[in-house]
Amino acid sequence: MSGPKIYAEVFGILITETMVNTWIVMGIILVFTFFATRNMQKVPKGMQLVGEMIVKAIDNLTENTMGKKNMGFAPYMLTLFMFLGIANLLGLVALRPPTSDLAMTLALALLTFFLTQFFAIKSKGVGGFLKGFTEPIPLLLPINIIGELANPISLSFRLFGNMLGGVIIMTLIYGGLTNLMFFAGGIPILAHLYFDIFSGLLQSFIFVMLSMVFISMAME
């Protein structure tokens, strides 16, 4: 088991397996949104219906978690969920999920972290933002700072660990079943159902939910 492959180097920039698979995910999202919105009907069907169901579900989740006044975050959460959901499903077509690379999950977690700090300052002002680190008593200042810095680390390592664990286990399963053709059909299917679909979509949901909670709590 090795890390993401390096395909090429262009002007000193390494083109890795993670980058290429990320472009594939972005392409899938663009193609889906194009075909889901190119001929909008009053009574949705097909891809438009699927798209509207996803948008409605994320809108409801955002409203229930962050409140109606923060519905402006729904497009970001929708984009995040679609990217993570599709990225985590790439194992179904024998591609390595970009989210099994710590660089990818850390970048997404830092995006949420900086959004959290920006909107906390915008909501409370600089003074109120800094004062929040001294509550409920000033003695807890170091712990509050460490707790804030730990959020992107826990967010990124949770997703990375779960997805990399799934990739490793699937690799071991396929390697171990090479000489056991009788079981070769059933076990990988069950493993894909759990690690790629169930765990992949669950981790996408957890990442989005925690992003909502971190941002909304910072603005209170």
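Here is a friendly exchange about the helices and loops of this predicted model.

Colleague: Happy to have the structure open! At roughly what angle do the axes of helix α4 and helix α5 cross?

Modeller: Let's begin with where they sit: helix α4 covers residues 102-131 and helix α5 covers residues 141-176. Their axes come within 8 Å, and α4 passes α5 in a right-handed crossing. The crossing angle is roughly 145°.

Colleague: Nice. How many residues of the contact of α4 with α5 are nonpolar, polar and charged?

Modeller: On the α4 side the contact includes Leu102, Leu106, Phe113 and Gln117. From α5 come residues including Glu148, Pro152, Phe157 and Phe160. Sorted by type, the contact residues are eleven nonpolar, five polar and one charged.

Colleague: Turning to α2, why are its buried residues on the same side of the helix?

Modeller: Under 20% relative accessible area counts as buried, and in α2 that applies to Gln48, Gly51, Ile58, Thr62 and Met66. Those residues lie on the same side of α2 because they cover an arc around the axis of only 105°.

Colleague: Then which exposed residues does the face of α2 turned away from its buried side carry?

Modeller: The buried residues of α2 are covered by elements including α1, α3 and α6. The face turned away from that buried side carries exposed residues instead, namely Met53, Lys56 and Asn64.

Colleague: What span does α2 reach from its first C-alpha to its last?

Modeller: Helix α2 runs over residues 46-66, which makes 21 residues. At 1.5 Å a residue, 30 Å is expected. The model comes close to that, with a reach of 30 Å.

Colleague: Now the loops, please! Is arginine 38 buried or exposed?

Modeller: Arginine 38 sits in the loop between α1 and α2, and its C-alpha is 8.9 Å from that of glutamine 48, ten residues away in sequence. Exposed means over 50% relative accessible area. Arginine 38 has 58%, so it is exposed.

Colleague: Which residue in the loop between β1 and β2 has a positive phi?

Modeller: That loop lies between β1 (6-10) and β2 (13-16). The residue in question has a phi of about 50° although it is not a glycine, and at 84% relative accessibility it counts as exposed. It is phenylalanine 11.

Colleague: One last thing: which proline is joined to glutamate 135 by a cis peptide bond?

Modeller: Omega for this bond is about 0°. The proline is found in the loop between α4 and α5, and its name is proline 136.

Technical notes:
Residues are numbered from 1 along each chain as its sequence is written. This is a predicted model: local features need pLDDT of at least 70, side-chain atom pairs count only at pLDDT 80 or more; totals for chains, interfaces and linings use all residues. Side-chain values use heavy atoms; hydrogens and water are left out. Axes are lines fitted to C-alpha atoms, for helices over the stretch in contact, and angles run from 0 to 180 degrees between N-to-C directions. Helices (H or I, at least four residues) and strands (E, at least two) are DSSP runs, numbered from the N terminus. A crossing is left-handed if the near helix is turned anticlockwise from the far one by less than a right angle, and right-handed if clockwise. Contact means heavy atoms within 4.5 Å. Ala, Val, Leu, Ile, Met, Phe, Trp, Tyr, Cys and Pro count as nonpolar, Asp, Glu, Lys and Arg as charged, and the others, Gly among them, as polar. The expected span of a helix is 1.5 Å times one less than its number of residues. Buried means under 20% relative accessible area, exposed over 50%, partly exposed in between (1.4 Å probe, protein chains only). The arc is that of the directions from the helix axis to the C-beta atoms.
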